[in-house]
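Please consider the structure shown below. The explanation that accompanies it proceeds from a single helix to the ligand.

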Amino acid sequence: MIAERPRYLADRPRRLRATSAIRDAVAETDVLPRHLVAPFFVTASAPGPVPGMPGVKRYSPEGLLRQLEAALGAGVRTALLFGVVPDDAKDFAGTKAADDQGPVARALRLARREFGDEVVLITDVCLCGYTDHGHCGVPAGGERFAIDNDATLPLLAEMASAHAEAGADLVAPSDMMDGRVGYIRERLDGGGHSGVGILSYAVKYASAFYGPFRTAAGSAPGHGDRSSYQMDPRNRREALREALLDVAQGADALMVKPALAYLDVMAAVRAETRLPLVAYNVSGEYAMLKHAAAAGALDEPRAVREALLCMRRAGADLIISYHAVEAAARGWLA
Ligand code: PBG
């Protein structure tokens, strides 16, 4: 005689949560050091701590080597480099962005010499850290303040070429100009760099979560904001349009940025492309967790692991995170 039981107790999902071993056996997602990309600010002029981002510093090209060594030691083999130059090196067109003696180019050559192909080197390609107005492209004349899309493309391509020349594996345009992936691809191919890939910041929103980064890179716009080129946070269909355009123009991998508040977008883009997908866990997201942990409001290792896992669950292959080396080195991922 089988005991009667209510129909609503026929299914018991808790069986598969009973022990840590069972949970591990059926887990659908994980995050490993190889999934993480460590971002670094490189400067020849102003090394030191970044206000608002506890634990994050700007490094000289030479100083970066020790950081890369630590990252490699923790199993994080991919780095994303941002250049920081002093205000007096900035001009209207961001000329120094393509300087082969600039901090990023120097860091690339040093790192390649030191670590060979052990490390994957990606560089951010954008003018905002090099322009005196702080915009990601060159302003057009005229009453309505606007950024001149087509006049910006050759400048980005120059910058990308300089990084390719200095040893980048991938260049990552973050400016959000139309057509820049195709334009940069053509320039790289024409310059003998058909082997250098493009990680496109395809889906990049005009976000308040970039605040600490702009302090770190000295790249805040002096006039206006970035809403005429970065995406409107209200839009998701548009993300698919941007992603597919960049696929068509030859991108090798796509990024969605920011990450945490945009995981629905990540999942939607994942469903539309076969390219590797990268989440950018941005500076403001890092700062939120650091400050909340410092205030005793949450357990940092657990919160970081959960946030990174959720980005993976949403479809990210790789995650750029300021927590990358710390999380991997301190065993927060396990
Ligand atoms: C450059 C760039 C930005 C970030 C990455 N590349 C700043 C911006 O668009 O204003 C933000 C990264 C972060 O917040 O961690 N355009």
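The following paragraphs treat helix 9, its surroundings and the ligand in turn.

The model is predicted. Within it, helix 9 comprises twelve residues, 283-294. From its first C-alpha to its last, helix 9 reaches 16 Å, close to the 16 Å expected at 1.5 Å a residue. After helix 9 comes G296, which has a positive phi, near 80 degrees.

Helix 9 is mostly covered, with nine of its twelve residues buried, that is, under 20% relative accessible area. At the beginning of the helix, S283, G284, E285, Y286 and A287 are buried. Further along, L289, K290, A292 and A293 are buried as well. As general background, an α-helix has 3.6 residues a turn, so residues three or four places apart point the same way. The cover over the buried residues of helix 9 includes strand 11 (277-281) and three helices: helix 6 (211-217), helix 10 (300-313) and helix 11 (324-329).

One of the buried residues of helix 9, S283, also leads to the ligand. Which residues are closest to the ligand? Of the 19 residues that surround it, the closest are K204, R214, K257, S283 and Y322. A polar side-chain atom of S283 is 2.7 Å from a ligand oxygen atom. The side chain of K204 has an N or O atom 2.6 Å from an oxygen atom of the ligand, and for the side chain of R226 the corresponding distance to a ligand oxygen atom is 2.9 Å. Taken alone, the ligand exposes 400 Å², of which the protein buries 100%.

Note on methods:
Residues numbered from 1 in each chain as written. Predicted model: local features only at pLDDT ≥ 70, side-chain atom pairs only at ≥ 80, totals over all residues. Heavy atoms only, no water. Helix = DSSP H or I, 4+ residues; strand = E, 2+ residues; numbered from the N terminus. Expected span 1.5 Å × (residues − 1). Buried < 20%, exposed > 50% of the residue type's maximum accessible area, 1.4 Å probe, protein only. Contact = heavy atoms within 4.5 Å. Near = heavy atom within 4 Å. Polar contact = N/O pair within 3.5 Å; in protein donor to acceptor, adjacent residues only side chain to side chain. Areas by Shrake-Rupley, 256 points an atom, 1.4 Å probe, with all protein chains shown as cover.
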